[in-house]
Amino acid sequence: MEDQKRNAPLTWVGALGSILLAMASPQAGMAALTGTLAGTQQGMISFTRQNEEEADRIGIQVLQRSGFDPQAMPMFMGKLLDESRYSTRPPEMLLTHPLPESRLADARNRANQMRPVVVQSSADFYLAKARTLGMYTNGDNKLGTDLLNAWDKGNIRQQHAAQYGRALLAMESNNFDQARKTLQPLLNADPQNAWYLDLATDIDLGQKKTSDAINRLKNARELRTNPVLQLNLANALLQGGQPGEAATILNRYTFTYKEDGNGWDLLAQAEGALGNRDQELAARAESMALVGQLEQAISLLSSASSQVKLGSLQQARYDARIDQLRDLQARFRPYQKM
């Protein structure tokens, strides 16, 4: 910025001189003006490159001082470069912040000069990885014995994750007794661990021990702040024939976590069990809206509106929500034709 301020008067003098020269010789004047502007543009390009390098240098320092691996920056830059190498149009960010090979090489050199930072993965990371691989891979279980055996030889966090993973696999195979036996030592050592409680209640429900699941979850210290435990409790209450208490929990839950379809699905079940047809339809409508099925959601809300007293506050709420969804439809309609 200081360079730009310092060079600005010289640019104006050069431009003024070119204009005066043009009065005597138009061709010479235009040539001089073009040269002046080209020099200014080149100076701005050099200025921009210097600032990019300075930003990279400061960014790597901030990473290192914050306890992150400084090698992460050149690794990220390398991935960006690889993604855009064979593309006709680079990512939007690279249009205004070019990433030449020299910038990547400079970032690597700076990172190599810094002390490496080893970031230890947390216990939550390993437990989350085990649950994700074991339960959320579209029916294709990816929590293999090779990974579990490798964790057995690792640190204490990995060893606990391996034991948790084996309990999870047993539960997924409906071998509930083995799952409980494998999980119990972990639960005894850390009875308030949300991951262990979550799996323990899944096992309880698998064995139709709904009372055990409800009591376990109600005594969980993190119940008020952990959405997974809240959903588990609502599900256990539904399975235990207590839809009223489940609906109370789920109404609060869906108010806080409006974009979680699981909450709306369970709320629809609870309201249906209570005989609240309009609220059941409204909950199903929200679930449909979350997956982009706006026409179906509007139809369900229209049915809900017809179920309640004409001119009531509840009907006004349903009708207002229908208007919101129609506005969404209008906004997204142009993209559906692309």
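User: Happy to dig in! How many cavities of 30 Å³ or more does the structure hold?

Analyst: Glad to help! In this predicted model, the structure holds one such cavity, and the largest cavity has about 30 Å³ of space.

User: What makes that space a cavity rather than a pocket?

Analyst: The word cavity is used because a 1.4 Å probe fits there but cannot get out, whereas a pocket is an open set. The residues lining the largest cavity are R180, L183, Q184, L187, A200 and R216.

User: Which helix gives the largest share of that lining?

Analyst: Helix α9, residues 176-189, supplies four residues of the lining.

User: Why is the lining said to have three nonpolar, one polar and two charged residues?

Analyst: Leu and Ala count as nonpolar and Arg as charged, so L183, L187 and A200 fall in the nonpolar class and R180 and R216 in the charged one. Q184 belongs with the others, so it is polar.

User: What makes the largest nonpolar core a core?

Analyst: The name applies because its members are buried residues of nonpolar kinds, joined through side-chain atoms within 4.5 Å. This core has 49 residues, and Y164, L183 and L199 touch the most other members. Apart from it lies another core of 13 residues, including A285 and I322.

User: Which residues is Y164 in contact with, leaving aside neighbours within four places in sequence?

Analyst: Among them are L127, R131, L183, W195 and L199.

User: What share of the protein counts as buried?

Analyst: Of its 338 residues, 34% count as buried, which means under 20% relative accessible area for each.

Note on methods:
Residues are numbered from 1 along each chain as its sequence is written. This is a predicted model: local features need pLDDT of at least 70, side-chain atom pairs count only at pLDDT 80 or more; totals for chains, interfaces and linings use all residues. Side-chain values use heavy atoms; hydrogens and water are left out. On a 1 Å grid over the protein atoms alone, a cavity is a set of points where a 1.4 Å probe fits but cannot get out, and a pocket is an open set with protein on both sides within 12 Å along at least five of seven lines; lining residues have an atom within 4 Å of a point. Grid points are joined across faces, edges and corners, and a volume is the space filled by probe spheres set on the points. Helices (H or I, at least four residues) and strands (E, at least two) are DSSP runs, numbered from the N terminus. Buried means under 20% relative accessible area, exposed over 50%, partly exposed in between (1.4 Å probe, protein chains only). Contact means heavy atoms within 4.5 Å.
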